[in-house]
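Reader: Can you walk me through this fold? Short answers are fine.

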Amino acid sequence: MITVWGRATSSNVQIVMWALGELGLEANRIDVGGAYGGTDTAEYRALNPNGLVPTFRDDEVTLWESAAILRYLAARHGDEAFWPRDPVRRAALDMWAEWMKTTFIPAFNYGVFWPLVRVREAERDPAAIAATIEKVKPLAAMLDARIGEGPYLGGEALSFADIMVGHQLYRYDTLEFDKAATPNLDAYYQRLTARPAYARHAMVSYEPLRVK
Ligand SMILES: N[C@@H](CCC(=O)N[C@@H](CS)C(=O)NCC(=O)O)C(=O)O
């Protein structure tokens, strides 16, 4: 049995849980992190010395880093569409997965979502938030152009790259701020919302994270 340690409200846990759902794999998820605590114990640190979530165990392998876990699951359990064996096809998708993790997410999640949801209004820096919102707009436009008519990044079927690219679109769509016009990205998000595993694991309310 696969075990995942991490609260359902963590976007990095959502990457892993959504991937498991798409791959039809059962997992036991244990609530740790955030208000649940449990990441400072010696037992947890032995599994994940970062004291962060997610942590993942599948028989003989214990892993942390959501992107590494996603690639492990895809390589081990994904079909040719989900994880192309051809390095050229796979790298063309992986490039966007990596871009999401290292470019879009730092700008949107840490530069917009975090200050608007996880920082008290009185403590926010409106000028810094406004500047970051302007940086997110061309990134969203890039993604919109890449997605085109889709339906998914690799064509007709969902791949590991869609998990990385799509997992924060619930936050992106539902958070109110000034966004670029992105009809392709909006349609892509709507397609994702129709997937049961996305609805269950990625469309998780972030109200428990909101600092008032
Ligand atoms: N690079 C790591 C980042 C892990 C991370 O920052 N996790 C956050 C939640 S998204 C965390 O553990 N926060 C502290 C907590 O939940 O207690 C990954 O992708 O797995």
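Author: Let's start with a helix pair. α3 and α4 are roughly antiparallel to each other, because their axes cross at roughly 155°. Keep in mind that this is a predicted model.

Reader: What distance do the axes of α3 and α4 come within?

Author: Within 11 Å. Helix α3 covers residues 66–77. The crossing of α3 and α4 is right-handed.

Reader: Which residues meet there, α3 against α4?

Author: From α3, Ser66, Ala67 and Arg71. From α4, Asp94, Ala97, Glu98 and Lys101. By class, the α3–α4 contact has 2 nonpolar, 1 polar and 4 charged residues.

Reader: Now α4 and α5. At what angle do they cross?

Author: At roughly 150°, with the axes within 10 Å. So α4 is roughly antiparallel to α5. Helix α4 spans residues 87–117, and helix α5 spans 126–147.

Reader: Is the crossing of α4 and α5 left-handed or right-handed?

Author: Left-handed.

Reader: Which residues of α4 and α5 make that contact?

Author: On α4: Leu93, Trp96, Trp99, Met100, Thr103, Phe104, Ala107, Phe108, Gly111, Val112, Pro115 and Leu116. On α5: Ile129, Thr132, Ile133, Val136, Leu139, Ala140, Met142, Leu143 and Arg146. The class split for α4 with α5 is 17 nonpolar, 3 polar and 1 charged.

Reader: And α5 with α8? How far apart are the axes?

Author: 7 Å, and the packing angle is about 70°. Therefore α5 and α8 are roughly perpendicular to each other. On α5 the contact uses Ala140, Leu143, Asp144 and Ile147. On α8, which is residues 183–193, it uses Pro183, Asn184, Leu185, Tyr188 and Arg191. Those residues divide into 6 nonpolar, 1 polar and 2 charged.

Reader: Which residues of α5 are in that list and also touch α4?

Author: Ala140 and Leu143 of α5 appear in the contact with α4, and Ala140 and Leu143 also appear in the contact with α8.

Reader: Switching to the sheet. What is the strand order?

Author: β2-β1-β3-β4. The sheet is open, has 4 strands and shows mixed pairing. Its twist averages 15° from one strand to the next.

Reader: Which strands stand at the edges?

Author: β2, at 27–30, and β4, at 61–64. Each has a single partner strand, so one side of each is left without a neighbour in the sheet.

Reader: How many bridges join β1 to β3?

Author: There are 4, and the two strands run antiparallel. Trp5 stands opposite Thr55 in β3.

Reader: And β3 with β4?

Author: Also antiparallel, over 4 bridges. Strand β3 is residues 55–58. Asp58 has Val61 of β4 as its bridge partner. Arg57 stands opposite Thr62 in β4.

Reader: How many residues lie between β3 and β4 in the hairpin?

Author: 2 residues. Asp59 is in that turn. Asp59 has a positive phi of about 50° although it is not a glycine.

Reader: I'd check that one in a force field setup. Which helix lies across the sheet strands β1, β2 and β3?

Author: Helix α1, residues 11–22. α1 runs at about 155° to β1, which is residues 2–5.

Reader: Backbone oddities next. Where are the cis peptide bonds?

Author: One joins Val53 and Pro54, with omega about 5°. Pro54 sits in the loop between α2, at 42–47, and β3. Another runs from Gly150 to Pro151, with omega near 5°. Pro151 is in the loop between α5 and α6, and α6 is 160–166.

Reader: Last topic, annotations. What does UniProt list for residues 1–81?

Author: The unreviewed entry gives "domain: GST N-terminal". Over residues 1–81 the chain is 37% helix and 20% strand. The end C-alpha atoms of that stretch are 25 Å apart.

Reader: And where does UniProt place "domain: GST C-terminal"?

Author: At residues 86–212, again in an unreviewed entry. That stretch is 65% helix and 0% strand. Its end C-alpha atoms are 49 Å apart.

Notes: Residues numbered from 1 in each chain as written. Predicted model: local features only at pLDDT ≥ 70, side-chain atom pairs only at ≥ 80, totals over all residues. Heavy atoms only, no water. Axes fitted to C-alpha atoms, helices over the stretch in contact; angles between N-to-C directions. Parallel < 35°, antiparallel > 145°, perpendicular 65-115°, else oblique. Left-handed = near helix turned anticlockwise from the far one by under 90°. Contact = heavy atoms within 4.5 Å. Nonpolar A, V, L, I, M, F, W, Y, C, P; charged D, E, K, R; others polar. UniProt positions renumbered as here; feature names shortened; annotations may be inferred. Pairing = 2+ DSSP bridges.
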